[in-house]
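Hi everyone, thanks for coming. Today I'd like to walk you through one protein chain, step by step, so please have a look at it with me.

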Amino acid sequence: MAIKPSHYEELLAEYSNQLAAIALLKQHRPYLEMVPSMRRSEESIITIPLPLIRVNQAEQFQEHNAADYSQARPRVKELVRLPCEVAIMMCDPEWKIKTGVEILVFIHRPQEDFSTLLGRWRQTQVWLDRGYEWLMPPRYEHILNEGAEAVHPLFITFDETPARIKRGLTGATLPFVNQSLGSVNEVEEAGEPETSSSLNLEE
């Protein structure tokens, strides 16, 4: 069974929520241990879906194919959308400040192969290495938005994800968690929003 756009959208929407993001981190313990306080977990992380950053280097954008991230060259303070799905930032719940750890979530997209999935993380590394600051959601604009000392990727695959992608991530020593989707109601007409869906997350 092929991965459907609705599967991808379901997980993107799910992990935009802080509690769901914590549930995701529970599936990869090294990252869960980075959460400052599990007793105050909702105050300990910030989730930003489809995150934006301002990069600092004076590099010009070149003409490039949208799928070829290796050709992108951002300008000074250019606003760039990172090619990940969700940014998870750790925050001290007592002092209300961002700590030096960030986790970037990459969800396997429909019809995406290993080179493109891995390429999204590699291009992210290139941009972050040039110096950056986050465009924070209005609720968190008071929090320091400078980049972190440590940025970690977390990949999400499906049961339907080709085995070669999982082998490639394992070979590249990149962490991933596999999610099993329940039945997702099909829309009756193109463009009509789904009325209900179910997502079964592995414990």
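Let's begin with the contacts. Counting those with a separation of 6 or more, 62% of the contacts in the protein chain are between residues 24 or more positions apart. Please keep in mind that this is a predicted model. The chain has 203 residues, and 44% of them count as buried. As for its elements, you will find 6 helices and 9 strands.

Here is an example of two residues that are far apart in sequence. Trp-127 and Val-55 are separated by 72 residues in sequence, yet C-alpha to C-alpha they are 6.9 Å apart in space. Trp-127 is part of helix H5. Is Trp-127 buried or exposed? Its relative accessibility is 5%, so Trp-127 counts as buried.

That brings us to the nonpolar cores. The largest one has 27 residues, and those with the most contacts inside it are Ile-46, Ile-53, Leu-82, Leu-104, Trp-134 and Met-136. Which elements each supply at least two residues of this core? They are strands S1, S2, S4, S5 and S6, together with helices H5 and H6. H5 gives the largest share, 5 residues. There is also a second, separate core, with 25 residues, including Leu-24, Tyr-31, Val-86 and Val-177.

Let's zoom in on Ile-46. If we leave aside its neighbours within four places in sequence, Ile-46 is in contact with Gln-18, Ala-87, Ile-88, Met-89, Cys-91, Met-136, Tyr-140 and Ile-143.

Ile-46 also appears in our next topic, since it is one of the residues lining the largest pocket. This pocket has a volume of about 190 Å³. Other residues in the lining include Gln-18, Glu-42, Cys-91, Asp-92, Arg-139 and His-142. How many residues of the lining are nonpolar, polar and charged? There are 5 nonpolar, 2 polar and 5 charged ones. Helix H4, residues 41-44, supplies at least two residues of the lining, and so do strand S1, residues 45-49, and strand S4, residues 86-92.

Now turn to helix H6, which covers residues 163-171. Its buried residues are Ile-165, Lys-166, Gly-168 and Leu-169. Why can we say that they line one face of the helix? Because, looking down the axis of H6, the buried residues fall within an arc of 160°. Over on the other side of H6, Arg-167, Thr-170 and Gly-171 are exposed. After H6 comes Thr-173, with a positive phi near 55°.

Finally, there are two more residues whose phi I'd like to show you. Leu-50 is not a glycine, but its phi is positive, about 45°. You can find Leu-50 in the loop between S1 and S2. With a relative accessibility of 31%, Leu-50 counts as partly exposed.

The other is Gln-111, again not a glycine, with a positive phi of about 65°. Gln-111 sits in the loop between S5 and H5. Is Gln-111 buried or exposed? At 85% relative accessibility, Gln-111 counts as exposed.

If you take one residue home from today, let it be Ile-46: it is among those with the most contacts inside the largest nonpolar core, and it helps to line the largest pocket. Thanks for listening, and please ask away!

Definitions and conventions. Residues numbered from 1 in each chain as written. Predicted model: local features only at pLDDT ≥ 70, side-chain atom pairs only at ≥ 80, totals over all residues. Heavy atoms only, no water. 1 Å grid on protein atoms, 1.4 Å probe; cavity = no way out; pocket = protein on both sides within 12 Å on 5 of 7 lines; lining within 4 Å. Points joined across faces, edges and corners; volume = space filled by probe spheres on them. Helix = DSSP H or I, 4+ residues; strand = E, 2+ residues; numbered from the N terminus. Nonpolar A, V, L, I, M, F, W, Y, C, P; charged D, E, K, R; others polar. Buried < 20%, exposed > 50% of the residue type's maximum accessible area, 1.4 Å probe, protein only. Arc of directions from axis to C-beta. Core = buried A, V, L, I, M, F, W, Y, C linked by side-chain atoms within 4.5 Å. Contact = heavy atoms within 4.5 Å.
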